[in-house]
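The exercises below are meant to be worked through with the sequence and the model side by side. Try each task before reading the solution that follows.

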Amino acid sequence: MEQRAEGESIRIASEELSQEFKTLMNNDDLNSLNHLQHLILGRLQDSNAVLSHFNEFSEHCYAEVSGDLSRNTRLLNSMKSDLDYIFQKIRSMKSRILATYPDAFPDESTSEVLDKRPDLEIPR
């Protein structure tokens with residue numbers, strides 16, 4: 001019985017408090033806020049739909065390109081290892097030629113001027 005009376009008093013107090021809050025706000029302002037919230041909700045739902053469509057499109061495009069991308073990556077890695085091997089062979093041939101014919105290549109100061117290629121191994 002006592003709990004019922006306490007529950008009833010809490011209900012009455014909350015109704016009185018809600019009535020006081022209703023008097024603090026203008027009804028037109030509340031309707032305006034409600035309308036603006038619905039407009040914002042609609043815009044957010046539209047944006048969400050556009051982003052979902054874009055994500056699906058991007059996923060589809062990536063699925064089409066990923067095979068080519070991985071194949072080209074393997075090809076570039078293979079080409080790099082081939083070129084590394086070629087340059088290693090050229091360096092060893094050059095050192096053998098230089099050992100046999102010391103005047104075959106210009107001195108170090110001239111070779112730096114002749115070779116203007118950037119070193120791709122150094123990160124920038």
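**Exercise 1. Find where Asp-84 and Lys-80 lie, decide whether their side chains form a salt bridge, and state how exposed each residue is.**

Solution. Begin with the positions: Asp-84 and Lys-80 both belong to helix H2, which covers residues 27-100, and they are four residues apart, or about one turn of the helix. Bear in mind from the outset that this is a predicted model. Next consider the exposure of each residue, for which the limits are needed: buried means under 20% relative accessible area, exposed means over 50%, and partly exposed lies in between. Asp-84 has a relative accessible area of 38%, so it counts as partly exposed. Lys-80, with 39%, is likewise partly exposed. Now turn to the side chains themselves, where a salt bridge requires a side-chain nitrogen of Lys or Arg within 4 Å of a carboxyl oxygen of Asp or Glu. The side chains of Asp-84 and Lys-80 meet at 3.0 Å, N to O, and form a salt bridge. As general background, side chains of opposite charge can pair when their charged atoms come close.

**Exercise 2. Work out which residues are joined with Arg-11 into one network of salt bridges.**

Solution. Take the partners of Arg-11 in turn, starting with Glu-8, whose side chain meets that of Arg-11 in a salt bridge of 2.3 Å, N to O. Both residues lie in helix H1, residues 2-24, and they are three residues apart, about one turn of the helix. The second partner is Glu-15, which forms a salt bridge with Arg-11 at 2.5 Å, N to O. Arg-11 and Glu-15 are four residues apart in helix H1, so about one helical turn separates them. The exposure of the three residues can then be compared with the limits used above: Arg-11 is partly exposed at 38% relative accessibility, Glu-8 is partly exposed at 35%, and Glu-15 is partly exposed at 40%. Finally, put the two pairs together: salt bridges that share partners join Glu-8, Arg-11 and Glu-15 into one network. The structure holds four salt bridges, among them the pairs described in these two exercises.

**Exercise 3. Describe the overall make-up of the chain, and say what part of it counts as buried.**

Solution. Count the elements: the chain has three helices and zero strands, and reading along the sequence gives the pattern α-α-α. Then look at burial, where 0% of the 124 residues count as buried. The accessible surface of the chain comes to about 12,000 Å², and 60% of this belongs to carbon and sulfur atoms.

**Exercise 4. Identify the residues of the nonpolar surface patch and the helices that supply them.**

Solution. List the members: Leu-17, Phe-21, Leu-24, Met-25, Leu-30, Leu-33, Leu-36 and Leu-39 make up the patch, and together they have about 770 Å² of accessible area. Assign them to helices next: H1 and H2 each contribute at least two residues, while the largest share, four residues, comes from H2. For one member in detail, take Leu-24, which is located in helix H1 and, at a relative accessible area of 65%, is exposed.

**Exercise 5. Follow helix H2 from its start, noting its span, its bend and some of its polar contacts.**

Solution. At the start of H2, a side-chain oxygen of Asn-26 comes to within 3.3 Å of the backbone nitrogen of Asp-28. Consider the span as the second step: H2 has 74 residues and reaches 101 Å from its first C-alpha to its last, which is close to the 110 Å expected at 1.5 Å a residue. The third step is to trace its direction, for H2 bends by about 40° at Val-65. Glu-64 also lies in helix H2, where it is exposed at a relative accessible area of 52%, and its side chain is joined to that of His-60 by a polar contact of 2.7 Å. As a last step, look at Ser-92, another residue of helix H2, which is partly exposed with a relative accessible area of 29%. The side chain of Ser-92 reaches the backbone oxygen of Lys-89 at 2.8 Å.

Conventions. Residues numbered from 1 in each chain as written. Predicted model: local features only at pLDDT ≥ 70, side-chain atom pairs only at ≥ 80, totals over all residues. Heavy atoms only, no water. Buried < 20%, exposed > 50% of the residue type's maximum accessible area, 1.4 Å probe, protein only. Areas by Shrake-Rupley, 256 points an atom, 1.4 Å probe, with all protein chains shown as cover. Patch = residues over 30% accessible without salt bridge, like charges linked within 9 Å, V, L, I, M, F, W, Y side chains within 5 Å. Polar contact = N/O pair within 3.5 Å; in protein donor to acceptor, adjacent residues only side chain to side chain. Expected span 1.5 Å × (residues − 1). Bend = angle between axes of the 7 residues up to and from the residue.
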